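This report considers how the chains of one assembly meet, how strands are shared between them, and how helices are laid over the sheets. The account begins with the division of one chain into domains.

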Amino acid sequence: MPAKGWIEVSDTYCKGCELCISACPQEVMELDMTRLTPKGYHPAHTFKDGCTGCAICALVCPDAAITVYREITKAVPTPVGA
Amino acid sequence: MVATNANNLVYERPEGFTDTPTHYCPGCTHGVAHRLIAEVLEEMDLIDRTIGVAPVGCSVFAYNYFDTDFVEAPHGRAPAMATGIKRVLPDRIVFTYQGDGDLASIGMGEIVHAAARGENLTVIFINNANYGMTGGQMAPTTLPGMKTTSSPNGRDVETQGFPIRMAEMLSTLDGVGYCVRRSLHDPKNIRLAKKAIRTAFETQARGLGFSMVELLSTCPTNWGMTPVDSLKFVEQHMVPAFPLGDYKVAAGVAQIKI
Amino acid sequence: MPRELWKGNEAIAEASVRAGLDAYFGYPITPQTEILEYLSKRMPELGRAFVQAESELGAINMVYGAACAGVRVMSTSSSPGVSLMMEGLSYIQGTEVPAVLVNVMRGGPGLGNIAPSQADYNQAVHGGGHGDYHNIVLAPASVQEAIDLTVMSFDLAEKYRTICMVILDGSVGQMMEPAKMPEMRPMQRANWDWATDGRMGKRPRRILSSIYLDPIEEEKLNLRLLSRWKTIQRDEVRYKEYFLDDAEFVIVGFGTAGRVALSAVRQARAKGIKVGLLRPITVSPFPFEAIEQLVGRVSGFLVTEMNSGQMLEDVRLAVKGRVPVEFYGRMGGVVPFTEEILHEIERIASSKLSVDVDPREAWLERMAQAV
């Protein structure tokens, strides 16, 4: 069973560049066309289940806008870049 | 959903960053390079004794984003300023962050001689094949045939010369401890880039000489592409012209385990 | 300390070491190279930083970096090299960090020659680099003064977070004279509250930059620099007076031109001519007030320089047309003889001067006959 994860995308930093969307291996991300950030961008978000907390979205994010969490099952998650 | 707490955390914005959102265009890989540096400084516990040297170019305001001391150099002179700082504060970590116009054109003298002297500095070199800040003019690294605002018909090598491969060029100098080229166009390469940045700072921390990481980067706005297409351009056109690899890894650096 | 025989350039080098020079960055150029050579040996033996840079551009930006780190730092060069440093000077002033730059001037423009000259007065005093700033500029006329002013230049630079330049011509740099060195100051870094020397667990980060993207902020910097400059003008003017008490007219000359003029004044005095000499030590800030005091009681001024009359303009600005101002200069690396200036003194003493004569035009006419 794949790990269950979730992300938080900061409206302060996200510029809606879509790099996370194309990089997401689970294809669970898109721009949230119903919202605008204070800077006027549609922010990225997960639109369906399937996030594994792999953190690839955070790895490619140029604005360090994404915080990644993963449900603890047995193994300690491997931090990004390690 | 499980409660969000530190135990669940896989990734968060590095402490080496300030709270300031960057001024970079959406999708610009400057932000990725910045983030990797901040992560490495945090992991090595160096934020407290690092002094950065910002260039002139898009990253002129780099000093706003790192929670370290910073100075802002004249165009191309960052390696000279960094030399001045490092020579009087040898126990500090000093790095420059320079673009291709800054480092490979107007600052060619400064970078070559800082490397030749083996200044114990780290240089992060962003190669995105154009002058971003001034609106996308031809840079020393612009690819043959590539259109820019000052090579509107495409760079004609007959009259405008050939791209300069800095990592290869500097690797011939004996003062260089570590000199590599990486790319920021996909997750795998970003991981490799981070490891190289870590190795470069380790090189400096151990006094093993000049270290430089050249990073192939994007400029979606001036290239006239989406951020995603820009990454494809790097993979398809820039990597073949600027091959990724380790151009100089001195014996002492090769022993560093990360 | 006893008096010893010192060559001007080496005296400047040793004086800077004794003043606590922490780092030196330079590039070889005649006629100042002895400073670089001397420090290449002296600095490393004291464990201090020395780098022979790849160019004057490199050197001044190394100075800029070390100045931001908060240490006593200096570069030295000669005219063409100083031109290359103008970018760095502007940035250093825009960042408000202290640095010392010595210019051993030579004939110009362009490559010119390596003979003594004062042709860089305007560059040092009235600008050089881009933007709105002023340098403190000290002009020694002897080896002893070169030592004393070099030491003073560090204190002034740090007091006002500015560039302090020492300008001398190649003859002061190359001549040997008996002079007294100061005691070695103990090396102690100042720990400035503005220096980017690493947070080191003690404080929030610092940024040193010359960027003020918002014009209102840039104007605030300009006003701050100007306000500081007005303090410098008020408190730091220095000059030497010779035979001024009963002088009927006064020579104004700095550096070697002032020194040659002093010999001429002494000879003129022996002949009974009541002439005096005002020799600016700080050519910037310029001693306007000292000239103002003289205007009321002398019949005129003679400005002597080794250029085409650059300080002449400042003297005229001080005199404001109230009494005649005459000029005598030699250029291109030619040092005037005492006899030439004595001849000028005698000419002025025996003729009726007019405020309506353009001093430079009149000088050129006399030069045309002489040269």
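In this predicted model, chain C is divided into domain 1, residues 3-235, and domain 2, residues 240-370. The centres of domain 1 of chain C and domain 2 of chain C, taken over C-alpha atoms, are separated by 29 Å. Where the two domains touch, domain 1 of chain C contributes 27 residues and domain 2 of chain C contributes 22 residues. On the side of domain 1 of chain C that touches domain 2 of chain C, the elements that give two or more residues are helix 6 (121-125), strand 6 (136-138), strand 7 (163-169), helix 8 (170-174) and helix 9 (215-235) of chain C. Helix 6 of chain C gives the most to that side, with four residues. By class, the side of domain 1 of chain C that touches domain 2 of chain C holds 15 nonpolar, 10 polar and two charged residues.

**Contacts between chains**

Of the two pairs of chains in contact, it is chains B and C that share the most contacts. Chain A and chain C, by contrast, do not touch, and their nearest C-alpha atoms lie 20 Å apart. The residues that take part in the two chain contacts and in the domain contact are set side by side below.

| Contact | One side | Other side |
|---|---|---|
| Chain C with chain B | 35 residues from chain C | 28 residues from chain B |
| Chain A with chain B | 31 residues of chain A | 30 residues of chain B |
| Domain 1 with domain 2 of chain C | 27 residues from domain 1 of chain C | 22 residues from domain 2 of chain C |

The contact of chain C with chain B takes 35 residues from chain C, and the elements that give two or more residues to this side are strand 2 (23-26), strand 3 (49-52), helix 3 (56-68), helix 5 (86-95) and strand 9 (207-208) of chain C. Helix 3 of chain C supplies the largest share of the side of chain C that touches chain B, namely nine residues. The residues of that side divide into 18 nonpolar, 10 polar and seven charged.

In the contact of chain A with chain B, 31 residues of chain A take part, and the elements of chain A that give two or more residues to the side touching chain B are strand 1 (5-9), helix 1 (19-23), helix 2 (56-60) and strand 4 (66-70). This side of chain A has 19 nonpolar, seven polar and five charged residues. Strand 4 of chain A also pairs with strand 1 (residues 9-11) of chain B in the antiparallel sense, over two bridges, and the bridge partner of Val68(A) in strand 1 of chain B is Tyr11(B).

**A sheet that spans chains B and C**

Eight strands form an open sheet of mixed pairing, in the order 10(B)-8(B)-9(B)-5(B)-4(B)-2(B)-3(B)-9(C). The edge strands are strand 10 (245-249) of chain B and strand 9 of chain C, each of which pairs on one side only. At one edge, strand 3 (residues 69-72) of chain B and strand 9 of chain C run parallel and are joined by two bridges, with Phe70(B) standing opposite Ile207(C). At the other, strand 8 (residues 176-183) of chain B pairs with strand 10 of chain B in the antiparallel sense over four bridges, and Arg181(B) stands opposite Gly245(B). Helix 2 (residues 78-88) of chain B lies across strand 2 (50-54), strand 3, strand 4 (93-99) and strand 5 (122-127) of chain B, and runs at about 175° to strand 4 of chain B.

**Two helices of chain C**

Helix 3 and helix 5 of chain C pack at an angle of about 15°, with their axes 9 Å apart; angles under 35 degrees count as roughly parallel, and helix 3 of chain C and helix 5 of chain C are therefore roughly parallel to each other. Their crossing is right-handed. Residues of helix 3 of chain C in this contact include Leu57(C), Ile60(C) and Tyr64(C), and those of helix 5 of chain C include Leu89(C), Tyr91(C) and Ile92(C). The residues of the contact divide into nine nonpolar, three polar and one charged.

**The five-stranded sheet of chain C**

Five strands of chain C form an open sheet with mixed pairing, in the order 10-12-11-14-15. Strand 10 (239-242) and strand 15 (325-329) of chain C stand at the edges with a single partner strand each, so one side of each is left without a neighbour in the sheet. From one strand to the next, the twist averages 20°. Strand 14 (residues 300-305) and strand 15 of chain C run parallel and are joined by five bridges, with Val303(C) opposite Phe327(C). Helix 12 (residues 311-319) of chain C lies across strand 11 (249-252), strand 14 and strand 15 of chain C, running at about 160° to strand 14 of chain C.

Conventions. Residues are numbered from 1 along each chain as its sequence is written. Chains are lettered from A and ligands numbered from 1 in the order in which they are written. This is a predicted model: local features need pLDDT of at least 70, side-chain atom pairs count only at pLDDT 80 or more; totals for chains, interfaces and linings use all residues. Two residues are in contact if their C-beta atoms, placed from the backbone, lie within 7 Å. Ala, Val, Leu, Ile, Met, Phe, Trp, Tyr, Cys and Pro count as nonpolar, Asp, Glu, Lys and Arg as charged, and the others, Gly among them, as polar. Two strands pair if DSSP finds at least two bridges between them. Axes are lines fitted to C-alpha atoms, for helices over the stretch in contact, and angles run from 0 to 180 degrees between N-to-C directions. Domain bounds come from an automatic or database domain assignment. Angles under 35 degrees count as roughly parallel, over 145 as roughly antiparallel, 65 to 115 as roughly perpendicular and the rest as oblique. A crossing is left-handed if the near helix is turned anticlockwise from the far one by less than a right angle, and right-handed if clockwise.
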